[in-house]
Amino acid sequence: MSAGVTISSMSTYAILGCGSVGHAVAEELAEEGKSVLILDKDESRVEALRDQDLNAQTTDIADPSVAEVVADRNVVLILSSDVEANKAAVSAIRENGGEQFIVVRASDPVSEDELAELGADVVINPSEVIADSALRSLESGELEYKARQLADILEGTEDGLAILTHDNPDPDSIASAVALQAIASEYSIESDILYDGEIGHQENRAFVNLLGIELVRLSDAPPLSEYGAVALVDHMKSSEPEVNAEIDIFIDHFEPDEEIDAAFMDVRPNVSSTSTILTKYIQEFDLSPSEAVATALLYGVRAETLDFKRETTPADLTAAAYLYPFANHDTLEQVESPSMSAETLDVLAEAIQNREVQGSHLVSNAGFIRDRDALGQAAQHLLKLEGITTTAVFGIADEKIYLSARSKDIRMNIGKVLQDAFEGIGDAGGHSTQGSVEIPLGIFTGIETNEDNRGTLLQLTEEAVRRKLFEGMGVESSDSSNGS
């Protein structure tokens, strides 16, 4: 196709082979007022098309002369069920120097490749089209069915809804809870978003504050038994749910390791964020999301996919595209550029000072910390160092060793590395590009922490964790830091 011809400027069409598929396309184009020429070797079919006021000619599309007949047409759709005739038509047009945009019908993957090699711009395999259409219809039908199920539960809920995020909730978990809260409000149900742990990362705190999201500590909320229903959203990321109540609603993009007994479940590991799933429900319930809900969900999708750079699916992209016009992008910019706290700066400084580099892998000890979320930020900053592809930063707080890792090495799944390295001694998890570990301090030392032995504990911990990390990454640790 010539550079001067674009899809938007194409206005004249030729349809070669007018069976049921070609006829349907011809009628649609004619209704749109397009100039359509139909070529088919079946005289009776051509006559029938002329009776419908369609421009049709009797022509064998396998004859090389067909190239001259369609020479003045911008788009040629070759839709015969005879694949050999289709191949002949493509060859004739291209050999004649025709630069038309050619769409052609194939019968199987082999003929798809052959037609593409002959010069077709778009090759359509009807069986694949039907399968794709069937899958889209199935997905749409399943979502409609699920939405009815969810609506039934919400309609039958009294005394409010408790929506639980995962521990130390991140944007995806918070945004998903906010969206479910908005859906519940359409059924006149009051709901509380509950969390355990801390909202430590500056971006997460800015996210909650700027959007005015109300979160309630689990310890400050009424007992779960006092709520009419309990929902878990994006709850699997950190650990298995330990909820002392009957679970009514469970929505996540991670499969639970153990069976969850919930009245309503929607688990989709084929998408990369729970915010994507909740966006689909917002659409299915035909709700116009408020600016705050749309902004939260868009940030949830972006944060979980690292701005669409990590394990992003078409569903995540379409969800983001839907949310984009509703979101407040000034707020998003503020959320993504928060000021760095003094604690984070201290952790980063300590991690830089204590870094050990082996090849492209960096491991560092941040010492005794107050804000464990600062470890992830330090690991992310250190990943920007020249030649570094993987970082791990650990520190001690609350009788535990906390570790956060980041990686841009496509050959490594850092989440799996951490799980293998600390199996049986700590709780590890994560993705291909990031991971975290929590280890009871006594695992390595058997010594209780006090002011007198902090230095000894730190040294013993550092040696053990560094060794396991470098072994897991496939390199050997040296006896001292060499990052300078």
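I started at strand β8 (residues 191-195), which pairs with β9 in the parallel sense over three bridges. For my own use: two strands pair if DSSP finds at least two bridges between them, and strands (E, at least two residues) and helices (H or I, at least four) are DSSP runs, numbered from the N terminus. Looking along β8, I found that Leu194 has Val216 in β9 as its bridge partner.

A note on what I'm looking at: this is a predicted model, where local features need pLDDT of at least 70 and side-chain atom pairs count only at pLDDT 80 or more, while totals for chains, interfaces and linings use all residues. Residues are numbered from 1 along each chain as its sequence is written, and side-chain values use heavy atoms, with hydrogens and water left out.

**The sheet around β8**

Next I followed the neighbours. β8 belongs to an open sheet of six strands, ordered β9-β8-β7-β10-β11-β12, and the pairing is parallel. At the edges I have β9 (215-217) and β12 (262-267), each pairing on one side only. On average, neighbouring strands here are turned by 25° against each other, direction ignored; axes are lines fitted to C-alpha atoms, for helices over the stretch in contact, and angles run from 0 to 180 degrees between N-to-C directions.

Helix α6 (residues 126-155) lies across β7 (161-164), β11 (247-252) and β12, and I noted that α6 runs at about 145° to β12. Contact, for these notes, means heavy atoms within 4.5 Å.

**Two helices side by side**

How far apart are the axes of α7 and α9? Helix α7 (residues 171-185) and helix α9 (residues 274-284) pack with their axes 8 Å apart, at an angle of about 15°. That makes α7 roughly parallel to α9, as angles under 35 degrees count as roughly parallel, over 145 as roughly antiparallel, 65 to 115 as roughly perpendicular and the rest as oblique. On the α7 side, the contact residues include Ala175, Ala179 and Ile183; on the α9 side they include Leu278 and Tyr281.

**Strand β5 and its partners**

I then moved to β5 (residues 101-105). Four of its five residues are buried, so β5 is largely enclosed by the rest of the structure. Buried means under 20% relative accessible area, exposed over 50%, partly exposed in between (1.4 Å probe, protein chains only).

β5 runs parallel to β4 (residues 75-78), joined by four bridges, and Val76 has Ile102 as its bridge partner. β5 also runs parallel to β6 (residues 122-124), with three bridges, and there Val103 stands opposite Val122.

Both links go over a helix. β4, α4 (residues 83-95) and β5 make a right-handed β-α-β unit, and so do β5, α5 (residues 109-118) and β6. Right-handed here means that, with the strands pointing away from the viewer, the path from the first strand over the helix to the second runs clockwise.

Just off this region I checked Asp72, in the loop between α3 (66-69) and β4. Buried or exposed? Asp72 is exposed, with a relative accessible area of 56%. Its C-alpha is 9.2 Å from that of Gly98, though the two are 26 residues apart in sequence.

**The other six-stranded sheet**

Last entry: an open sheet in the order β13-β14-β15-β16-β18-β17, with mixed pairing. The edge strands are β13 (356-358) and β17 (427-430). Neighbouring strands are turned by 15° against each other on average, direction ignored. Within this sheet, β14 (residues 361-368) pairs with β15 (residues 390-397) in the parallel sense over six bridges, and Ser364 stands opposite Val393.
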